[in-house]
Each structure stands twice: as structure tokens, then as C-alpha cells.
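Biologist: I would like a close look at a single part of this protein, taken slowly and with the details kept together. Please begin once the structure is in view.

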Amino acid sequence: MPAELTSFVGRTRLLANLKRHLSDENTNLVTVTGIGGVGKSRTVLRLAHQVRGQFEDGVWFADLARLQDAGMVKNTIASALGVADQSARGESESLSEWVANRNMLLILDTCEHLIEGCAELIDELLQANPNLKVLATSRQSLHLPYEHVVPVPPLTVPGEDPHENMFTNESVQLFAARSGAVVPDFVLDEHNIGSVAELCRRLDGIPLAIELAAVRLRALSVEQILGLLTDRFSLLAGASRTALPRHQTLRAAIGWSHELCEPAERLLWARLSVFAGDFELDAARFVCSDDRLPAEDITDLVTGLVEKSILLIRSDHAGVRYKLIDTLAEYGEEWLEKLGESQRLRHKHLAYYLSLARRSEDAWSGPRQIYWFVRMRQEHDNVRLALEHALRTPGESRMALELLSSLWFMWICCGFVREGRVYLERALRANPEPSKERCKALWVLSYVRSAQGDSVGALEAAEKCSSEAVLVGDSRAVILASKMQGTAALLQGDLQKASALLGMAIEFNTGNKELNPGLLPAIVELSIVLTTQGELYEAESLLVDVLQVCKERGELWVSSYAYWALSMPLLASNRLDRALESAQEGLRIKRHFHDTVGSMMVLETMARIMVGLNQPDRAARVLGALHQNWRAAGLPMLGAPFLTSEHERAVKECQKTLGEETYRRAFDAGTKLDLDEATNLALDDLDAGPAPV
């Protein structure tokens, strides 16, 4: 869940009401409704942190605010849940399987622009797990028959309850809290309480409006703020203040904050609305600067918008990032349209993320690999937005191909395999003519399909890449197509074909400075072929060389697979302790990445090693965990014969050593482990005692 970045004020009754609904066994879906800026998301986030201990399998938060494509709702929620389903089956099936039998709360934040897709998904998930609890926020209901709608009203304002002390009123407390953050020596006292109370009444108790007004205390007194706001509402309403609708109140408050910004800040506000989610300062400098807004001025302007509470700022170990509050982003988008700059800014946004993708691809196989893993997962929303723009804009679909193929590692290594396939297939349909960009996208698509265990589809894409590469004279694509054909052949169990194709790719890639994905993965895969064929010394020699290159270059991703692959000839030659150490090292490295399927492949081999080391109970628990986690992640063992045969052998050896009844008890205990717990078990990171058998 997101952290709570600000203090939470009031809403005691509302929170109690929501908790009551969630605890009701007859209530599965609660939709929190209300106007923009009324505090729906903030209230639900507070509730989530309060009730997280009540849900054994956790509280999961999916932010849909900046998602544009309704077709990506299920994929976005799967990503939020950490479901790394790499199979080719439908998202609904994998999500439904993942949530089945879990005691969990799923929060879908900001559904109003995706009502149909959200309602359809919720219905499917609740059919899979009738005990699932779903909490949604939306400006309108989802129109499901079993939905409980809970409106979020504005905060109470002074005067609504004649017996209430003005100092303890919710709106007043929120203004005081935000004012204290803006002006540390601000004190709510008998001298200003009347003006603060009137200001909160004027703002209808709308939290966002109150927070924006509090920012003005840097330059104005409460009385001055109230006076200016009263004048503004008089001009807007032309009549009684009480006749002004609440949504107009919010727009008035936002508009007032907009007018109080400097002209350059207003222009930057509008331009920043092209970003999805959060962004870095470098991105703002590139996308938003021109002759009117020089790049060197952007930093100070961003600081000004942070001080005015237009931008949120988040700092962590990965750096500083900024975000426009959703309601303010909508306001900025309207201004950008009025300025006639929308298309130009969206093109610059696309150009920036294409440039970032190229930089990240060039640097991926180096010492900053983990940085780029974290960075590109952070940029996921903006990458998706750039792709949508490119695919929908005439003349820019080729840029979508470039962006997608440059980010091959993002789809393969960062947990977005299914999404990568969807976008690649869509972009290839939009660019049917052979080109170098299309050839690259085709071998990336082959790689993605292989990662799903779809060896037939992978082979088809690789063969198409090879034939089109010859037409356009792209020799590198021919080599990579050979590598991907070899990967598909390995998954299909055609070892002779795999050996020939992977060997060809290695031979032609040897002089290439690019280690990944053409050279090193091909060597690792060839070593698996050799191990399967019984050529253990040759396989081990290849992997020792790969690990040395990885160490020299700072490449971790491939090294995790090389350590796993090395454990196979070590196991086959009965060097069990070394085999276990090698597999464990590969598994430790994988913890830096979102490599669910890769981790399970390592665990498959480790189960056999554990049996050999006379740890059959531990092996049986690992096999139980694998059984459960493969179901959630996709096609078990990618359908590869070299993996399935080893799995079956481990099961038989465990059953023989333990006996059927003891094996079943250990196996069943393992099915209760998630992947992290199974990894801990395999790495000995346990405080637990002997197996519960």
C-alpha cells in the first residue's frame, strides 16, 4: 500500500461505517463515492492501514487514476497484486485463481472512468472467491446488484452542530494541521478562529479546497484569504453563497490557487499534466521546457508548485519524484487543451521515454542493473501512457515499436511479460511493413512468448523475424532470431535443433559487445542442452566462463540463471553441496528482481538437491509450494521437458524416501507457503523448526 504522506483528520463516523461494512459477512463490495477532492482516496488509504491486520493475506491497493485503456484494467490490477502470470491464458483466469481462497481486501482507487471494466473484473473475482472483500473509490457507483455505496461527504463545518466546539470541528482541524505544516508558528486561537471557521464554511468543508487555501498563509493572513475568497465567490455565484454547488466550490478553490500562481508556474502546471503517476525532475525539464519555460527555470518552478501544494513530493532510496494530485492534473489537462499544446507535449513525453528506454537498454547489462530495474518499474505508468499515445496517433506507431523493443528487459525481467506481449502484438499489427524496427519487435515478441511457455508462438515470431530481417538487411536481427528459435526448440525438447541454433547465435555474437539477450543467455541455454545430453564437463566450463564475464561487467540477471544452470551438472555429478550453494546463490540474486518464474525454476532443481542431501521433508514442502505457486504464475515449468522430467523425478524420490502419507503431509504444508516463504525455506532463512509432518 502507499504510505500516508500527510496526517489524517476527522472522518471518525465514516471510518466506523466502512469498517462495519467490511466486517459484514454479507458484504463483499463497498464503493466509496463523492466529488473530486472530497477525500475518497485518502479516507480509504487511512482505513486500509487501520484494518490491514484483519486480513490474513493482506490489503492490496491498485491505483487506476491515470490508466487510459480500459483493456489494461485487469493487467494493472494483476501488477498491483504482484501476480507475475507469464502464461498465455487470460488475465481474468489467472487473477481469479490468485485470489481464490485468500482472506484479503482489494482496493481499487479511482474507477469512474473505467466503470464497465472494473465492474466486470470485480464480478469475476467475487465468483472465484465469495469471501473476497473489495473496496472501490469512484465518483459514481459501479452499478453492481450486491454493491454497498457509501458516499463521502465533505468534512463537517462550524455551525452544523450547534453543540460542537469550533476548535474541534473537522474542517477547522484540517486547516490548522495543514497551516502548521506551511507556517510552523501558526496557532489556532480565539483571535483567528472566527475567520478560520468562516473560511471552512465558504469552502464547503471540501478537504482539497481547504488544503489549497491553507497554502496561502505563506503570504496572507487568514482574514485576507477569507476576503479574497469571498470576492471570488461573489463574482462566480452572483447570488447567495449557499446556492453554489460543491463541485463549483472546488473548481473555484482550484482556480483561485491557479490564479495565485505565477504565469510560469501556471504554464508548468498545465504541462505537467501529461505525466501519469509520478515523475523525476529530469523528465519535467525535458518535456515541459521551451523558449517560454527555459530548462534551467524548471527546478525553481517545481519547487514553487510543491510549496503551493500543487505537486506532491516523495523521496526514498531511489531518489526524489513528484506527482500532480489527480484532481489538479485534470484541471491542468483542461488548460493544456485550451493552450493548444496537448499533442506537442504528449509527443515530447513519448520522445523522453523513448530516449530513457534506449539509455536503460544500453546500460542494462552493466553494474547499475538493479537501478534500472527499480527505475523502469517506477516509470511503468508513464511508459504505458507513452505507448498509448504512440499507438493512437497517426504517424507515431513506429515509435511505439522502438519503445517496446528497447524495453525488452522490462517485459522479461521486471514482471510485465503479459503486458509486453499485448503491446508488442498491437504495435506489430499497426506496423505491417517489414523494417528494422519491426524485426527487433518480432524477436522481442519471441522472447516474451518463450517466457510464457508459448514455444509455438515464440518459434513463429522468431521465424518471421528471420525472414523479414533478410528482406531489410538486418544481420543482427537474423542472429537474435536464431537465438530465439533455439530457445523455443529447448522448451519443446528438441535438443539437437536447440544446440545447432544456440551454437550459431553464440558464434556470430562472440565479437559483439552486447552480452544480453543474444550472447550470455544463449550460452546458459546451451549449457542446459549439454547437461541434459550428459556432457557435464562442457556445460560446467561454459557456465564458469559466463559467471566470470557477469562478474566483470556487473551483470546480475543472467548470473542468477547461470548459477541455477551450474547447479544442474553439479547435481548430475553428485557434487550436492556445491550444487546447493550454486542454486542458492542464483535464488538470492533473483530476490533483487521480480522474477517469479525464474525463482520457481531454481526451486524445482533445489528440491532434487535436497532429496539427495537427505532432506526429503524440506524437499516435499518446496514441491508443495511450487505446486501452488505455479498455478498462480502460469504454465508449470514452462512446459519444458527438461524441467518437467526433473520435477517428476524429485516427487518420486521424495515419496519413496518419506512414504506416501508423510510425503503428503509435508507437501500439503508446503502448499500454504507463498513464494517468499518458499524461498526462505530453500535458503535456510528460517526460524522455524523441523517440518510440520
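In what order do the strands of the open sheet lie, and is the pairing parallel or antiparallel?

Modeller: Bearing in mind that this is a predicted model, the open sheet is built from 5 strands, which follow the order β2-β3-β4-β1-β5 with parallel pairing. The edges are formed by β2, covering 59-63, and by β5, covering 147-151, and each of these strands pairs on one side only. Between neighbouring strands of the sheet there is a turn of 20° on average, with direction ignored. At the β2 edge, the strand is joined by 5 bridges to β3, residues 105-109, and the two run parallel; within this pairing, Phe-61 has Ile-107 of β3 as its bridge partner.

Two helices can be placed against these strands. Helix α2, made of residues 40-51, packs on the sheet and touches β1, β2, β3 and β4, while its direction makes about 160° with that of β4. Helix α1, residues 12-23, lies across β1 (29-33), β3, β4 (133-138) and β5, and runs at about 175° to β5.

For a point of reference elsewhere in the chain, Ser-560 belongs to helix α27, residues 557-572, and lies 33 Å from Leu-64, C-alpha to C-alpha, with their positions 496 residues apart in sequence. Ser-560 counts as buried because its relative accessibility is 0%, where buried means under 20%. Leaving aside residues up to four places away in sequence, Ser-560 touches Gly-586, Ile-589 and Lys-590, and its side chain reaches the backbone oxygen of Trp-557 at 2.7 Å.

How values were computed. Residues are numbered from 1 along each chain as its sequence is written. This is a predicted model: local features need pLDDT of at least 70, side-chain atom pairs count only at pLDDT 80 or more; totals for chains, interfaces and linings use all residues. Side-chain values use heavy atoms; hydrogens and water are left out. Two strands pair if DSSP finds at least two bridges between them. Helices (H or I, at least four residues) and strands (E, at least two) are DSSP runs, numbered from the N terminus. Axes are lines fitted to C-alpha atoms, for helices over the stretch in contact, and angles run from 0 to 180 degrees between N-to-C directions. Contact means heavy atoms within 4.5 Å. Buried means under 20% relative accessible area, exposed over 50%, partly exposed in between (1.4 Å probe, protein chains only). A polar contact is a pair of N or O atoms within 3.5 Å; within protein, one must be able to donate a hydrogen and the other to accept it, and residues adjacent in sequence count only if both atoms are side-chain atoms.
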